[in-house]
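Load the model in your viewer and keep the selection panel at hand. The tour goes from one selection to the next and says what is there at each stop.

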Amino acid sequence: MKKFKRTLLITGGAGFIGSHLVRHFVTKYPNYHVVNLDNLTYAGNLENLADIEIADNYTFVKGSITDLTLLRTVFKKFDVDGVLHTAAESHVDRSIENPMVFVQTNVQGTAALLQVAREHWTQPGRDYRFHHISTDEVFGALGDEGYFTEQSLYNPQSPYAASKASADHLVRAFHNTYKLPVVISNCSNNYGPYQFPEKLIPLFIKNILEERVLPVYGTGRNVRDWLHVQDHVEALDIIFHQGATGEAYLIGGHNEWKNIDLIHLLCRQIDRKLGRAFGESQKLIHFIQDRAGHDHRYAIDASRIKRELGWSPRYTFEQGLAMTIDWYLDNSAWMDRVSSGAYRDYYLTHMINNKSKPYESAA
Ligand code: NAD
Ligand code: TDX
């Protein structure tokens, strides 16, 4: 008899959303084997998973989603029957600096995963599922009114968004052409613990704590729709298990903030927690040159997932942001190691020292 009911391949599980997703599936589904495939780019940090790394139903494999040979080995060796694909280059500013790596990882990597899933998933009656974790940025930018829905046209504006849109198109094409059982979710901006301090919220928390400049792009009037990462993970669980094959679901918290208002809120909350004088951190705000092609506004109409799958966010922004700030305050060692680059040693020292559960080698 098989030890586990299913084997899920979670790609990019050492990243921000991926690590929350791995922890969720490993702890909530002890009868699932979770294989985390991540090549540990600058954004991949295995320390994010230190609390579950020796779990019986968890395996880490270091390697790239662009490596077809490795993917074939992983699918065969673990008999993967579900994929939750989060691995990506994820930062818009980096995509403006170097678009090519976004095409390699997000487009070619997704194509390679789809191809290997298609090769491997041939047994009739098995419950196969390929879930692409995508973004609302594929729909482009909104004006001051309106929302993205599942009917919105694709209109990506940054190299990052275009690479994620291409990945979505490939996922749909593999469903249409080869009947691969896929589902797509497009989520708004996430926040929470373990987010790499290049994204707005962790970067600004770090800079406020260290009394460094807060670089606001343009006028600061761009709008983002923020969702706690755990709410995203719970939506992914529901979509993976219950979403209709071949469909897409938009995920968002109806929680729009102008960047500058959010930044003022962060300054006020952190000043209060640290006992700093009122308005102290707001002096750190500097308006700088705008991001090239900066999308004005993202906002999600999440009524489909609510209506059809019964999901709605559990965290209010007030709770979620306060908990997130507390987490970064309590985990300054994590932030220091991420900022200094020391987190990169974790994999190597664990490969050598952790005899209880060594990581799988790639092949
Ligand atoms: P992240 O940058 O924190 O993590 C990405 C992970 O992918 C890292 O662990 C990295 O090492 C890994 N990775 C990169 N290239 C790889 C490769 N070639 N092979 C294997 N692993 C590789 O990203 P995140 O913010 O957690 O986002 C995860 C996913 O969710 C992405 O697909 C992103 O597009 C999507 N998304 C993110 C947000 C958000 O607000 N962060 C919102 C909506 C959707
Ligand atoms: O230093 C900064 N100053 C600033 O004004 C940074 C890092 C950001 N910003 C602005 C740009 C955006 O309007 O803050 C907003 C949020 O920026 P990011 O955190 O870089 O996120 P965004 O560009 O909205 O893209 C994100 O949302 C959806 C993620 O990076 C994606 O992975 C996800 O798909």
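The stops below cover the two ligands, the nonpolar cores and a few single residues of a predicted model.

**Stop 1: ligand 1**

Select ligand 1 and the residues around it. The shell holds 29 residues, and the closest are I17, D38, S90, Y160 and K164. Now show polar contacts. D38 places a polar side-chain atom 2.5 Å from an oxygen atom of the ligand. Two backbone contacts can be added to the view: a polar backbone atom of F16 is 3.0 Å from an oxygen atom of ligand 1, and a backbone N or O atom of T41 is 3.0 Å from an oxygen atom of ligand 1. How much of ligand 1 does the protein bury? Taken alone, the ligand exposes 840 Å², and the protein buries 96% of that.

Colour the shell by secondary structure next. Helix 1 (16-28), strand 5 (129-135), helix 5 (159-178) and strand 7 (189-191) each contribute at least two residues. Strand 5 has the largest share, three residues. Colouring by residue class instead gives eleven nonpolar, 15 polar and three charged residues.

**Stop 2: S19, in helix 1**

Stay on helix 1 and select S19, which lies in this helix. S19 counts as buried because its relative accessible area is 0%, under the 20% cut-off. Leaving out residues up to four places away in sequence, S19 touches G13, N48, L49 and Y194.

**Stop 3: ligand 2**

Move the selection to ligand 2. Here 21 residues form the surroundings, with E137, Y160, R224, R291 and H294 the closest. Y160 is also named among the closest residues to ligand 1, so keep Y160 displayed while switching between the two ligands. Three oxygen contacts can be drawn for this ligand. The side chain of E137 has an N or O atom 2.6 Å from an oxygen atom of ligand 2. From the backbone, a polar atom of L200 is 2.8 Å from an oxygen atom of ligand 2, and an N or O atom of Y217 lies 2.9 Å from an oxygen atom of ligand 2. On its own, ligand 2 exposes 650 Å², of which the protein buries 94%. The elements giving two or more residues to the shell are helix 6 (200-209) and strand 8 (214-217). By class, the shell divides into nine nonpolar, seven polar and five charged residues.

**Stop 4: V216, in strand 8**

Select V216, which is found in strand 8. Is V216 buried or exposed? V216 counts as buried because its relative accessibility is 2%, and the limit is 20%. Its contacts, not counting residues up to four places away in sequence, are F204, I260, I263, I285, H286, F287 and I288. For a distance label, pick the C-alpha atoms of V216 and D290: they are separated by 8.1 Å, with the two positions 74 residues apart along the chain.

**Stop 5: the nonpolar cores**

Hide the ligands and select F25, L46, I251 and I305. These residues have the most contacts inside the largest nonpolar core, which has 48 residues. Helix 7 (residues 229-242) gives the most to this core, with seven residues. Centre on I251 and show its surroundings. Beyond four places in sequence, I251 touches S185, N186, C187, S188, L227, H232, A235, L236, I239, I300, I305 and W311. Another core, of 29 residues, lies apart from the largest one; W226, I325, Y328 and M335 are among its members.

**Stop 6: A299, in a loop**

Go to the loop between strand 12 (285-288) and helix 9 (303-309), where A299 lies. This loop residue is buried, with a relative accessible area of 0%. A299 touches L142, G146, Y147, F148, D225 and E256, again not counting residues up to four places away in sequence. To set a long distance label, pick the C-alpha atoms of A299 and S64, which are 235 residues apart along the chain and separated by 32 Å.

**Stop 7: T7, in strand 1**

End with T7, in strand 1 (residues 6-11). T7 is buried at a relative accessible area of 6%. Its side chain reaches the backbone oxygen of F78 at 3.3 Å. Apart from neighbours within four places in sequence, T7 is in contact with H33, V35, F78, D79, V80, D81 and G82.

Methods. Residues numbered from 1 in each chain as written. Chains lettered and ligands numbered in written order. Predicted model: local features only at pLDDT ≥ 70, side-chain atom pairs only at ≥ 80, totals over all residues. Heavy atoms only, no water. Near = heavy atom within 4 Å. Polar contact = N/O pair within 3.5 Å; in protein donor to acceptor, adjacent residues only side chain to side chain. Areas by Shrake-Rupley, 256 points an atom, 1.4 Å probe, with all protein chains shown as cover. Helix = DSSP H or I, 4+ residues; strand = E, 2+ residues; numbered from the N terminus. Nonpolar A, V, L, I, M, F, W, Y, C, P; charged D, E, K, R; others polar. Core = buried A, V, L, I, M, F, W, Y, C linked by side-chain atoms within 4.5 Å. Buried < 20%, exposed > 50% of the residue type's maximum accessible area, 1.4 Å probe, protein only. Contact = heavy atoms within 4.5 Å.
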